[in-house]
Amino acid sequence: MLTRPSSNEGAVETAVARLTETLGPRASRAPGVLADHGRSEAYHAPSPPDLVVFPESTEEVRSIVTLCHELRLPIVPFGAGTSLEGNASAPQGGVCIDMSRMDKVLSASPEDMDVRVQPGITRKQLNAQLRDTGLFFPIDPGADASIGGMASTRASGTMAVRYGTMKDNVLALEAVLADGRMIRTARRARKSAGGYDMTRLLVGAEGTLGVITEVTLKLHPQPEAISSAVCAFPDLKAAVDTAIAVIQSGVPVARIELLDAVMMRGMNLHAKLGLPEEPHLFFEFHGSKNYVAEQAETAQALAGEFGGQGFAWATSPEERSRLWQARDNTLYAGLALRPGARALVTDVCVPISRLAECLVATAADIAESGLVAPVVGHVGDGNFHLLVLHDPDSAEDLARVKAFNGRLVRRAIALDGTCTGEHGIGLGKMDFLELELGDAVDAMRLVKQALDPLGIMNPGKIFRSSPRMGGAA
């Protein structure tokens, strides 16, 4: 059971009384609600908040934040709860602000190809409402995450190789700062040289600098034609070399995903795909019919040069949906390989020229360690994940898995990569961030101190209030 500081007990009771008075049943201390907001798919121990509130407007968010500032209570913004590094857990208790009721499209401008939304809307909900405009929002992290959560963690996913990440697709934000002030970070113009880039400062800040209450997003034309394909390879290196060749040849592939033989076994168990249990690349091409055909032919020819076989097409919407739904469910496919296990999901990213080197060395480490760790990667931009399976009731097993993850991250950083391509830092990678960026983390602390001097905004995430002695874990 999580122990709360005794000095906060009176503040919590005051917050409960005042927020229950203003929000009624939208302020909850129900044990099930608290538990649901303290756990996620992450391997970290659950950390529930003291109170969960469900605002429906920016003004309600402002009043909640102002009260927490007055009482010096921690504030934890919460989206869809799909984060993988404990980003929305509450290790210091406090008030969890669940944004799920703020889920509206506020305005759309098809002629400008942008949309203004509340943060609680999920990407699938947004695209359903955009369907008749001929536009769509392409960022796809796999889970049906909320737009606010995606902005907060600087999410990307399977289509980042063509459409970029959240930092490339967020035009402006509205946010409530730690003292209750509301700011807008930019207008709708596609570019600006006006002052500090506050938008990108908040994108990826994981709720440590403010609570996002509106997001203005770039939209993209729905492609005239879409084609998907899968191709098997004799080994991991051949698949990675193909992906690199496709990117370096200038093929504007929309998605290019790597799955190793172990992950293919899990996908066959979970989704009944019936594909060979060998390393595979999953491709998707967007554009006009002729352009898509040309892209696909080029990719197929390049795959053949590296031993790719069985280039199989999925052109109907049903076939494509089945293929990419299976890809999106790789977490559950991986867990099918060891029933009862949990997964520590890694998230390193390296320059694509170093990707094969990193993956081959990692595969050797997996074999030597005796781990079950299927690989799935957004190889078009050098980002890959492993689902490192472990017994949740075995501290020894978890320690072995964490040690492997530490070696993986150091390997990626040594290759001029990063400890996280898209999941963020959260609770799990604070030490690795210092290893990666050094004194730049101290500059981040100064920004945090300036915008949140009381340290109430999602405390305990990204970095500690002071540097850890002794280096990275």
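**View 1. R255 stands opposite E284 in β14.** This close-up comes from a predicted model. It centres on strand β13, residues 255-259. β13 pairs with strand β14, residues 280-287, in the antiparallel sense. Five bridges hold that pairing. β13 is also joined to strand β18, residues 375-378, by two bridges. Here too the strands run antiparallel. Within this pairing, L258 stands opposite G377 of β18.

**View 2. Strand β13 is covered on both faces.** Side chains in a regular strand alternate between the two faces of the sheet. On one side of β13 lie R255, E257 and L259. On the other lie I256 and L258. All of these residues are buried. The count for the strand is five of five residues buried.

**View 3. Five strands form an open sheet.** The strand order is β5-β6-β10-β8-β9. Pairing is antiparallel. β5 (105-109) and β9 are the edge strands, and each pairs on one side only. From one strand to the next, the twist averages 15°. Helix α3 packs on this sheet and touches β8 (170-177), β9 and β10. The direction of α3 makes about 45° with that of β8.

**View 4. β6 and β10 pair in the antiparallel sense.** Strand β6 covers residues 114-117, and strand β10 covers residues 210-218. Four bridges link the two. V117 stands opposite V215 in β10.

**View 5. Helix α1 turns one face inward, lined by its buried residues.** The helix comprises 15 residues, 9-23. At 1.5 Å a residue it should span 21 Å, and its end C-alpha atoms are 21 Å apart, so the two values agree. Which residues of α1 are buried? They are A11, V12, A15, V16, L19 and L23. Seen down the helix axis, the buried residues fall within an arc of 135°, so they line one face. An α-helix has 3.6 residues a turn, so residues three or four places apart point the same way. The cover over the buried residues of α1 includes β1 (27-28), β2 (51-53) and α3 (58-71). Just after α1, G24 takes a positive phi of about 60°.

**View 6. T185 sits in the loop between β9 and α8.** The flanking elements are β9, residues 182-184, and α8, residues 198-202. Is T185 buried or exposed? T185 has a relative accessible area of 15%, under the 20% cut-off, and is therefore buried. The side chains of T185 and T199 are joined by a polar contact of 2.7 Å. Leaving out residues up to four places away in sequence, T185 touches A172, L173, M198, T199 and L202. T199 thus appears both as a polar partner and in the list of contacts.

**View 7. S321 is found in helix α12.** The helix runs over residues 317-328. S321 has a relative accessible area of 42%. That value lies between the cut-offs of 20% and 50%, so S321 counts as partly exposed. How far apart are the C-alpha atoms of S321 and D103? They are separated by 25 Å. Along the chain, the two residues are 218 residues apart.

Key:
Residues are numbered from 1 along each chain as its sequence is written. This is a predicted model: local features need pLDDT of at least 70, side-chain atom pairs count only at pLDDT 80 or more; totals for chains, interfaces and linings use all residues. Side-chain values use heavy atoms; hydrogens and water are left out. Buried means under 20% relative accessible area, exposed over 50%, partly exposed in between (1.4 Å probe, protein chains only). A polar contact is a pair of N or O atoms within 3.5 Å; within protein, one must be able to donate a hydrogen and the other to accept it, and residues adjacent in sequence count only if both atoms are side-chain atoms. Contact means heavy atoms within 4.5 Å. The expected span of a helix is 1.5 Å times one less than its number of residues. The arc is that of the directions from the helix axis to the C-beta atoms. Two strands pair if DSSP finds at least two bridges between them. Axes are lines fitted to C-alpha atoms, for helices over the stretch in contact, and angles run from 0 to 180 degrees between N-to-C directions.
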